[in-house]
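Colleague: I've got the structure open at the bench and a few things I'd like to ask you. Can we walk through them one at a time?

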Amino acid sequence: MHRNGALANRQYGTNVKKYASLSQAEWIAMKLANFVSRIAVSLLTVCALPVALAAPVKDSDWPMPAKDYANTRFSRLNQITTGNVKQLQLAWTFSTGLATGHEAAPLVVGDTMYVVTPYPNYLYALDLKSGGRLKWTYKPEPARAAQGVACCDVVNRGAAYADGKIVFNALDNHTVAVDAETGKEIWKTKLGDINLGQTMTMAPLIVKDKVIVGNSGGEMGVRGWVTALNLKDGSKAWQAFSTGPDKDVLIGADFKPYYESDRGKDLGVKTWPPDKWQIGGGTVWGWISYDPTTNLIFYGTANPGPWNPDLRPGDNKWTSSVFARDADTGMAKWAVQYNPHDLHDYDGVNEHILVDLTIQGKPRKVMLHPDRNGFLYVLDRTTGEIISANPFVYTTSIQKVDLKTGHPIVAPGKEPHTGIRVNDICPAAPGGKDWQPSAFSPQTGLLYIPHNHLCMDVTSTEVGYIAGTPYVGMEVSMKKGPGDYGGVFSAWNPATGKEVWAIKEHYPAWSGALVTAGDVVFYGTMDRWFKAVDAKTGKELWKFQAGSGVIGQPITFQGPDGKQYIAVLSGVGGWAGAVVSGHLDTRIPYGALGFVNAMKDLPNDTTPGGMLYVFALPGNTP
Amino acid sequence: MRAFHISCRDISWLGALILGIAIADSAAAAPAATQQLPGSEQIMHQQVGGTHIPRPATPDQLKNPYEGNASAAAEGRSLFNAMNCSGCHAKDAGGGMGPPLGDKDWIYGGEPGQIYLSILQGRPNGMPSFEKALPPDALWKLVTYIRTLGQSPSEPIDASSPAKQTGKAH
């Protein structure tokens with residue numbers, strides 16, 4: 001089982017070594033006089049480079065939403081255990097003052113916590129030495145009209161820290177870097193245009209000297225891209241589109257896709273009706289992972305536009321796909337299209353968790369990907385081969401994934417066509433799982449998946465493209481899945497391809513997951529509970545009723561006092577919670593792209609309102 | 001209209017071209033009353049009421065020539081879908097990227113003249129201006145349709161049933 005976490009552990013190990021050599025260099029510099037200092041300075045320069053460029057991975061910190069490059073959301077902190085978590089109590093709170101969906105993960109670097117809010121994307125710095133005292137607030141002042149082109153509430157999924165900077169995206173397509181000490185803006189780069197329906201909601205990933213970000217707006221006829229900015233000054237290093245000719249997609253001679261259907265020139269043009277790739281979606285609003293040993297980043301692309309599939313015959317590459325790219329140049333190494341000619345809004349943006357597994361006796365470098373289409377993919381991250389793909393949710397739309405072609409087999413009768421009503425498509429448009437990120441524990445070898453249990457009825461309609469307005473062409477009405485519940489939180493064994501335990505939730509489990517070395521798993525629910533369960537059994541160990549539904553990403557950190565803390569934002573909203581945060585009309589099923597029909601009862605259980613909660617065990621000492 | 005992300009952006013001439021036929025139809029059916037409406041430059045200087053600055057009455061010159069007119073409401077409903085209003089506000093205006101229009105919450109006022117101005121001018125949180133896309137006559141038909149919302153939202157508007165077209169004071 002411990003092999004499973006090899007990558008994450010190796011990362012820790014590598015960086016511990018780097019920190020150690022840096023300290024040595026500093027020690028030498030301090031101890032010796034002028035003669036040695038020049039050597040020490042050069043040592044510092046050499047050693048500081050990888051430290052500054054590598055992700056900070058101290059156990060006490062939480063420097064990026066997924067904690068590490070492998071996207072595990074696993075913490076080695078172990079003061080809070082299955083035995084004592086029932087004593088967990090509130091340490092302090094902080095109100096964000098906003099009443100839209102709070103999906104972000106707080107960050108912790110040293111003595112400071114950083115919280116980025118939904119629009120207007122405030123960045124709060126809170127002092128961990130004094131119970132969360134507000135140190136400063138940075139306001140990027142995004143354009144108000146950006147709210148009008150955000151498909152699914154005005155959420156933000158978090159910031160990232162590196163090299164003394166907090167970097168995040170504002171809704172109106174600005175990536176900003178802020179001095180982590182002072183809160184002063186260092187640079188601000190505009191990457192898109194709200195007048196074309198573009199927004200930015202994802203959390204950047206900082207790899208070495210580059211900030212990697214992507215756009216949102218797959219429901220607005222936006223052309224998706226991922227962009228690398230230089231961390232130093234925000235200038236553009238490279239940009240790779242998801243659709244269009246190979247030169248735009250950064251596909252070159254090194255591109256070696258595993259599957260036949262992904263090979264060929266300019267597939268991002270040829271798999272579309274003429275010019276439709278220019279408004280074809282494939283936005284990049286989910287999670288990015290990074291493997292330092294191969295210098296590859298991995299990320300998924302979103303749905304094609306419009307939703308009505310009759311309006312875009314062809315595979316619609318490279319929407320609903322995963323790319324492996326060189327982090328320095330952006331050049332594609334391989335790609336797999338999860339859902340060619342997507343029919344059901346099954347984006348490919350969900351997380352790719354990098355782990356090393358033993359499969360049929362052989363060590364494999366893999367990544368785990370719970371796709372919107374309801375199947376959990378285990379891929380070889382060096383080649384893009386799909387090793388296995390098993391359903392992790394109730395599904396009627398996809399029968400299986402053909403491992404020879406890599407393609408899902410769509411069930412007969414579940415293909416939407418213009419003017420025809422198709423009922424009981426499961427999973428619904430938000431997928432078996434939407435953005436809500438899973439966690440992986442190298443101790444248990446299990447993946448912890450917050451997910452949906454939703455179906456939908458759809459009628460495809462004609463739609464014309466008008467820049468900056470929705471380009472969907474589908475009337476959708478969602479409903480809770482069989483058994484009349486909307487979500488599940490489950491533990492999955494990727495080595496066996498089987499579910500280990502599952503907890504039913506009345507609403508979609510729309511929060512992130514966190515797992516710790518104390519074998520405790522944390523997640524939140526839309527009906528205001530923040531829960532701790534046993535990582536091995538799923539037994540509920542503790543819960544706390546928050547002020548509003550919890551859709552944020554829980555984190556853990558070690559405070560300046562040496563104690564382990566747990567932190568999470570509450571504040572319902574997002575696509576699933578728009579019925580509450582947007583005060584939508586529960587009498588009409590089509591609101592929020594049809595999500596309202598499945599969430600009509602949510603206003604009975606929660607009101608909106610953003611609040612940060614920080615928990616700890618009682619007592620002053622660890 | 002509520003401040004929650006209202007939506008879209010300037011619908012340009014493209015939209016007008018796409019919908020030329022529908023508009024031409026509605027223009028042909030327009031009563032003479034629309035000729036007396038103020039020009040857009042005048043309207044742009046009208047103060048807009050709402051929940052923050054309650055205004056007891058709509059300016060007389062912004063009287064809806066179609067209030068309660070069932071066939072105008074039906075045409076307005078077609079325009080609501082054709083102009084992609086439904087893209088943001090959802091089919092039957094249940095809300096989504098833009099706010100729902102069948103409830104009693106109106107940031108910029110729910111009187112016919114106020115709704116007219118919101119569509120004509122756009123609003124800062126994302127509601128585009130339809131001034132260039134639609135003539136006043138078509139805007140009033142949209143207003144007439146929107147005024148029918150909230151009574152029986154799950155049922156389609158039936159132009160042959162005047163009972164549903166009495167309008168609702170928001």
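Modeller: Sure. One term before we start: when I say contact, I mean heavy atoms within 4.5 Å. Also keep in mind that this is a predicted model.

Colleague: Fine by me. Which residues does UniProt list for "binding site"?

Modeller: The label comes from an unreviewed UniProt entry. The residues span 127 residues in sequence, yet no two of their C-alpha atoms are more than 9.5 Å apart, so they gather at one spot. The lining of the largest cavity includes these residues. They are A:Glu219, A:Asn303 and A:Asp345.

Colleague: Is A:Asn303 buried or exposed?

Modeller: A:Asn303 sits in the loop between β16 and β17 of chain A. Buried means under 20% relative accessible area. A:Asn303 has a relative accessible area of 1%, so the call is buried.

Colleague: Which side chain does the side chain of A:Asn303 join in a polar contact of 3.3 Å?

Modeller: Leave aside the neighbours within four places in sequence, and A:Asn303 has contacts that include A:Gly218, A:Glu219, A:Thr319 and A:Asp345. The side-chain partner in the polar contact of 3.3 Å is A:Glu219.

Colleague: And A:Asp345, which residues is it in contact with, leaving aside neighbours within four places in sequence?

Modeller: A:Asp345 has its place in the loop between β18 and β19 of chain A. At 3% relative accessibility, A:Asp345 counts as buried. Its contacts beyond those sequence neighbours are A:Glu219, A:Asn303, A:Trp307, A:Arg372, A:Ala429 and A:Trp575.

Colleague: Let's move to the strands. How many of the residues of β33(A) are buried?

Modeller: In a regular strand the side chains alternate between the two faces of the sheet. Here both faces are covered, with A:Val520, A:Phe522 and A:Gly524 on one side and A:Val521 and A:Tyr523 on the other. The strand is largely enclosed by the rest of the structure, because the count of buried residues is five of the five.

Colleague: Which residue stands opposite A:Val521 in β34(A)?

Modeller: β33(A) and β34(A) pair in the antiparallel sense over five bridges. Their hairpin has four residues between the strands, and A:Arg528 there takes a positive phi near 80 degrees. Opposite A:Val521 stands A:Val533.

Colleague: What about the other hairpin of β33(A), the one with β32(A): which residue in the turn has a positive phi?

Modeller: β32(A) and β33(A) also pair in the antiparallel sense, over two bridges. A:Leu514 stands opposite A:Phe522 in β33(A). The hairpin has three residues between its strands, and the turn residue with a positive phi, about 60 degrees, is A:Asp519.

Colleague: Which strands stand at the edges of the open sheet β3-β4-β5-β6 of chain A?

Modeller: Four strands form this sheet, with antiparallel pairing. An edge strand has a single partner strand, so one side of it is left without a neighbour in the sheet. The edge strands are β3 and β6.

Colleague: Last one: where is the proline that follows A:Tyr119 through a cis peptide bond?

Modeller: Omega is about 10 degrees for the bond that joins A:Tyr119 and A:Pro120. There's also a cis bond from A:Cys426 to A:Pro427, with omega near 0 degrees. As for A:Pro120, look in the loop between β4 and β5 of chain A.

Note on methods
Residues numbered from 1 in each chain as written. Chains lettered and ligands numbered in written order. Predicted model: local features only at pLDDT ≥ 70, side-chain atom pairs only at ≥ 80, totals over all residues. Heavy atoms only, no water. Buried < 20%, exposed > 50% of the residue type's maximum accessible area, 1.4 Å probe, protein only. Pairing = 2+ DSSP bridges. UniProt positions renumbered as here; feature names shortened; annotations may be inferred. 1 Å grid on protein atoms, 1.4 Å probe; cavity = no way out; pocket = protein on both sides within 12 Å on 5 of 7 lines; lining within 4 Å. Polar contact = N/O pair within 3.5 Å; in protein donor to acceptor, adjacent residues only side chain to side chain.
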